[in-house]
Amino acid sequence: MSATGLDVFDKTLQTTNIWLDEIMTELGPDRQVAWHVLGAVLHALRDRMQPDLAAHLGSQLPILVRGAYYDQYQPSKTPEKLRSLDEFLAKIKAELEFTRPVDAKDAFRVVSKVLAHHVGEGQMIKVLESLPAEIRRVAAAQQAA
């Protein structure tokens, strides 16, 4: 029997929990922190990409995660000109300000790994190619590990 009464809701809830479990494996057993980490990194990536590419990535996210991804999105203000790794990580850190301390670079690495595992390889190549080399190296290193 379906937990929610709709298979689509059950599927997105199950998939989202799998993603959160993978984040928690690396960052600690706190589902709420994992949710905030996922959202913070996705927002930083989304805001650094052209709107068309951001939409293509969004289409591959579980419906529940997609809702968080598009929360407060302003495509007319993107892509942000975050050129350095430090600027990019500062954006992530700012969103994680009210959670327990999580290193922004660790958050980015872990979510990059989760995305590489669950999002189509071609899509991740396009996302990585859209990032400045310094930021791309951090995500690519985690995916190769």
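# Reasoning through a predicted helical model

Modeller: In this predicted model, confidence is lowest in helix H8 (residues 133–144), where the mean pLDDT is 81, and highest in helix H2 (residues 31–48), where the mean is 98. For the protein, the mean pLDDT is 93, and 97% of its residues reach 70 or more.

Colleague: Why is Gln123 called buried?

Modeller: The cut-off for buried is under 20% relative accessible area, and Gln123, at 8% relative accessibility, therefore counts as buried. Gln123 is found in helix H7, and, leaving aside neighbours within four places in sequence, Gln123 is in contact with Leu53, His56, Leu57 and Gln60.

Colleague: How do you know that the buried residues of H7 line one face of the helix?

Modeller: In H7 (residues 121–129) the buried residues are Gln123, Met124, Val127 and Leu128. Looking down the axis of H7, one finds these buried residues within an arc of 135 degrees, so they line one face of the helix.

Colleague: What puts the buried residues of H3 on the same side, and what covers them?

Modeller: Helix H3 (residues 51–59) has Leu53, Ala54, Leu57 and Gly58 buried. Around the axis they cover an arc of only 140 degrees, which puts them on the same side of H3. The cover over the buried residues of H3 includes H2, H4 and H7.

Colleague: Why is the pair of Lys113 and Glu26 called a salt bridge?

Modeller: A salt bridge requires a side-chain nitrogen of Lys or Arg within 4 Å of a carboxyl oxygen of Asp or Glu; the closest N and O atoms of Lys113 and Glu26 are 2.7 Å apart, and the pair is therefore a salt bridge. The pair links distant parts of the chain, with Lys113 in helix H6 (residues 104–118) and Glu26 in helix H1 (residues 7–27), 87 residues apart. Lys113, at 35% relative accessibility, counts as partly exposed, and Glu26 counts as partly exposed at 38%.

Colleague: What makes Glu80 and Lys91 a pair that ties together parts of the chain?

Modeller: The side chains of Glu80 and Lys91 meet in a salt bridge, with an N to O distance of 3.5 Å. Glu80 lies in the loop between helix H4 (63–70) and helix H5 (85–95), whereas Lys91 lies in helix H5, so the pair ties together parts that are eleven residues apart in sequence. Glu80 counts as partly exposed, at 26% relative accessibility. Arg46, Asp47, Glu80 and Lys91 are linked in a network of salt bridges, and a search of the whole structure finds six salt bridges.

Colleague: How do you know that Asp106 and Arg109 are separated by about one helical turn, and what distance makes them a salt bridge?

Modeller: Asp106 and Arg109 are three residues apart in helix H6, so about one helical turn separates them. Their side chains meet in a salt bridge at 3.7 Å, N to O, a value that is admitted because the limit is 4 Å. Asp106 counts as partly exposed at 34% relative accessibility, and Arg109 counts as partly exposed at 29%.

Colleague: Why is Ile63 called partly exposed, and which surface patch includes Ile63?

Modeller: Partly exposed lies between the cut-offs for buried, under 20%, and exposed, over 50%; with a relative accessible area of 45%, Ile63 is therefore partly exposed. Ile63 is found in helix H4, and Leu6, Val8, Phe9 and Ile63 form a nonpolar patch on the surface, with about 360 Å² of accessible area together.

Colleague: What makes Gln72 and the bond from Thr78 to Pro79 worth listing?

Modeller: Most residues other than glycine have a negative phi, and most peptide bonds are trans. Gln72 has a positive phi of about 65 degrees although it is not a glycine, and the peptide bond from Thr78 to Pro79 is cis, with omega near 0 degrees. Gln72 is placed in the loop between H4 and H5, and Pro79 is placed in the loop between H4 and H5.

Colleague: Why is Gln72 called exposed?

Modeller: The cut-off for exposed is over 50% relative accessible area, and Gln72, with 69%, is therefore exposed.

Technical notes
Residues numbered from 1 in each chain as written. Predicted model: local features only at pLDDT ≥ 70, side-chain atom pairs only at ≥ 80, totals over all residues. Heavy atoms only, no water. Buried < 20%, exposed > 50% of the residue type's maximum accessible area, 1.4 Å probe, protein only. Helix = DSSP H or I, 4+ residues; strand = E, 2+ residues; numbered from the N terminus. Arc of directions from axis to C-beta. pLDDT = per-residue confidence, 0-100. Patch = residues over 30% accessible without salt bridge, like charges linked within 9 Å, V, L, I, M, F, W, Y side chains within 5 Å. Areas by Shrake-Rupley, 256 points an atom, 1.4 Å probe, with all protein chains shown as cover. Contact = heavy atoms within 4.5 Å.
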